[in-house]
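Me: I'd like to learn how to read a protein structure, one feature at a time. Could you walk me through this one?

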Amino acid sequence: MRWLGAFLVLSGAAFLLGDYHNDVYRKMLLWVTLALGYNFLFGICGQVSFSHFAFYGIGAYSVVILLFQLHVPLPLAILLGVAVCIVVALAVAIPATRLEGFYLALATLALAQLFVVLLNEGGDITGGTGGIANYRLPAMLGLQIRGPWYTGVIVFLLLLTLWVLVKLDRSWFGRACRAVRDNPEAAAAMGIDVARTRVAAFTLTSALAGVAGMVYAFVDNTVNPPIFGLENAFLLLFMVIVGGSGRHAGAVIGAVLLFLLPFWLSPLVGHHHVLVFGVLMLAAILLQPKGLIGLWDQCRHRFSR
Amino acid sequence: MQDFLELAVSATASGCVYGLIALAYLLMIRPTGIINFAVGEWAMVAAFGGYVLLTQHELPYPLGMGIVLAFMLLVGWVTERIAVRPLVEKGAGVLAPILALLGVLVITREIISVSFPPDPLPVPFAVDIQYYKYFVIGITLAVFVAAWLFFEKTVWGRSFEAVALNRRAAALMGINLSRVTAFSFAGGAAVAGLGGLLVAPNISAHYLMGVPLAIQGFTALVIGGVGRVEGALLGGLLLAFAEQFTIRYAPIPGGFAQGVPLLFLMIFLIMRPTGLLKARA
């Protein structure tokens, strides 16, 4: 019931906004979706990955290529797109998580960069540096979803992601992830298969990012390499850290704040808002490792006493 | 044959630069376990230092280089003070400083991009362009010999090794951990800066030059292994040869050649994460 209410409120808001604000709103919702998934991987399972945004891109590109170059029907294209994400995620995660330490971060960093190289050099398949543009979401059951109605699809995606992650977080799997994050040796001693938990968390969140990417592909009706570069992967990490890693609410706050910050800051600092992000991120790690949500908890604690 | 030799020399020269960046990583990873991706940005800062001192103010090369390297020592030391030491003192794990240094990376790059025009800026060659490759190779060899002597022959270098092997035991033996950390960051910044300054005449100083250098240097480090100083140079050379020979001889479009170091990185991480050279017992 609460989920339905949230769906109605969040997607209803889209009908009150103009075209421009609707566009900003949708992108914000997509960022929140990504941040939630990344938070599960980084905040809850303790894995640093730089490929989350690459999977967003893999999802977007694969659905577009499947639909408009191979002329696969939409439902099949979506399934195949998810399958591509899962296969790539497994191929990276299985060897990388066998190793201790920071290796997943490095392997995913290489993957993210490699993905952009492939996009740029993909010729007709990926459209090269210009990407692919000028396509439209195919009609489903005779309906052409567009405008604020498409925002409803994004809200649905966001809530579905959140629902899946909350359920998982509260299940044995979420607890296993937290145990693996805090102390892998102890977790292994408790009978948790550490490597398998890591691979599962990585694959799951990467697939979620891929699905978000598929939805994104029809927001601007264009996909091109710069969107899926390393910059945004960093931004995602910053969002989760600034908001408060390990908490769903933290991911939401971080994503909304860092997404909207450039709009507020642009009169003051122009295009140099990334500098502010860096400072915020450094301040968060040094002063309040639990992020803004931790700060909020502290305030509430102080007042309730 | 002529062509081949020229290619080999130029691959050696760029391998030397990768090796220097790898050495910068290594100086910090050995005693602290911290992977500092900001080394690429440090190289970039030094390249811009070269632009300001050598191009704008036309200082003589050795003087300009000395000032830049001294400045880089300071940059490394300040970074350690701000972003690493507070976290280590709080007892945070190794991940927290790595993330904090990512913040430093972004801040450094943005400060440079605010302060300088966005176009690539020229940095002069130290010697005639014909001989510049040999100059790069010579300087790099000197740095590596010095680093090797430092680690193998001096008490200070041995104390670095001791910290790398066992922090607690080293601290109990009277080694000042925070001094070793500070020194390793200052040294890492200076070595990375040297790499940036040497590569700058070829690729020009640009605020986006850091991340590719950071990745190439890291790949070199992974290939060579973090255990030994020579590994960094070996890794750099192997990477550069692989890169340049694919561009020259392999029948694939030039853009794909950018993917070569990345493929190398993934393959080595997966197949041989300890690198080619084993650490000495």
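Reply: Sure, let's start with a single residue. At 39% relative accessibility, Asp193(A) counts as partly exposed, because that value falls between the 20% and 50% cut-offs. Keep in mind that this is a predicted model.

Me: Which residue does Asp193(A) form a salt bridge with?

Reply: To read a salt bridge, look for a side-chain nitrogen of Lys or Arg within 4 Å of a carboxyl oxygen of Asp or Glu. Here the partner of Asp193(A) is Arg196(A), and their closest N and O atoms are 3.5 Å apart. Arg196(A) is exposed, with 61% relative accessible area.

Me: How many salt bridges does the structure hold over all chains?

Reply: There are 12 over all chains. Here's one to find in chain A: Asp220(A) and Lys27(A) meet through their side chains, at 3.1 Å from N to O. This pair links distant parts of the chain, 193 residues apart. Asp220(A) sits in the loop between helix H9 (194–216) and strand S2 (222–223) of chain A, while Lys27(A) belongs to helix H2 (residues 19–44) of chain A. As for accessibility, Asp220(A) is partly exposed at 30%.

Me: And what is the N to O distance between Arg158(B) and Glu152(B)?

Reply: That salt bridge spans 3.9 Å, so it still passes the 4 Å cut-off. Arg158(B) is partly exposed at 43% relative accessibility, and Glu152(B) is partly exposed too, at 31%. Salt bridges can also share partners: Asp23(A), Lys27(A) and Asp220(A) are joined into one network that way.

Me: Let's zoom out. Which domains does the assignment give for chain A?

Reply: When you read domains, start with their bounds, then look at how they meet. Chain A is assigned domain 1 (2–228) and domain 2 (230–305). Their C-alpha centres lie 21 Å apart. Where they touch, domain 1 of chain A puts in 28 residues and domain 2 of chain A puts in 22.

Me: What area do domain 1 and domain 2 of chain A bury between them?

Reply: About 2,100 Å², and 80% of that is on carbon and sulfur atoms. You can then go through the polar side of the contact. Between domain 1 and domain 2 of chain A there are zero salt bridges, but four residue pairs are in polar contact, both residues being at pLDDT 80 or more. On the domain 1 side, the elements giving two or more residues are H2, helix H3 (52–68), helix H5 (103–121), helix H6 (148–170) and helix H7 (172–182) of chain A. H2(A) gives the most to that side, with 14 residues.

Me: How many residues of chain A are in contact with chain B?

Reply: You read a contact between chains the way you'd read one between domains. In this model, 35 residues of chain A are in contact with 38 residues of chain B. The two chains bury about 3,100 Å² between them, with carbon and sulfur atoms giving 83% of it.

Me: How many salt bridges are there between chain A and chain B?

Reply: Just one. Look for Glu231(A) and Arg109(B), whose side chains meet at 3.1 Å, N to O. Two residue pairs are in polar contact across the interface of chain A and chain B, again with both residues at pLDDT 80 or more. On the chain A side, helix H4 (74–98), H5, helix H10 (230–243) and helix H12 (273–287) of chain A each give two or more residues. H5(A) gives the most to this side, with 11 residues.

Me: Let's try a residue in that helix. Is Ala110(A) buried or exposed?

Reply: Ala110(A) lies in helix H5 of chain A. At 0% relative accessibility, Ala110(A) counts as buried, because the cut-off is under 20%. Now check the neighbours: leaving out residues up to four places away in sequence, Ala110(A) touches Leu262(B), Leu265(B) and Met266(B). You can compare sequence and space as well: Ala110(A) and Ala96(A) are 14 residues apart in sequence and 12 Å apart from C-alpha to C-alpha.

Me: Last one: which element of chain B has the lowest mean pLDDT?

Reply: That's helix H11 (residues 254–257) of chain B, with a mean of 70. Helix H2 (residues 39–56) of chain B has the highest, at 94. Chain B as a whole averages 87, and 96% of the residues score at least 70.

Notes: Residues are numbered from 1 along each chain as its sequence is written. Chains are lettered from A and ligands numbered from 1 in the order in which they are written. Side-chain values use heavy atoms; hydrogens and water are left out. pLDDT is the predictor's confidence in each residue, from 0 to 100. Helices (H or I, at least four residues) and strands (E, at least two) are DSSP runs, numbered from the N terminus. Buried means under 20% relative accessible area, exposed over 50%, partly exposed in between (1.4 Å probe, protein chains only). Domain bounds come from an automatic or database domain assignment. Contact means heavy atoms within 4.5 Å. Buried area is the accessible area (1.4 Å probe) that two parts lose on being put together, summed over both. A polar contact is a pair of N or O atoms within 3.5 Å; within protein, one must be able to donate a hydrogen and the other to accept it, and residues adjacent in sequence count only if both atoms are side-chain atoms.
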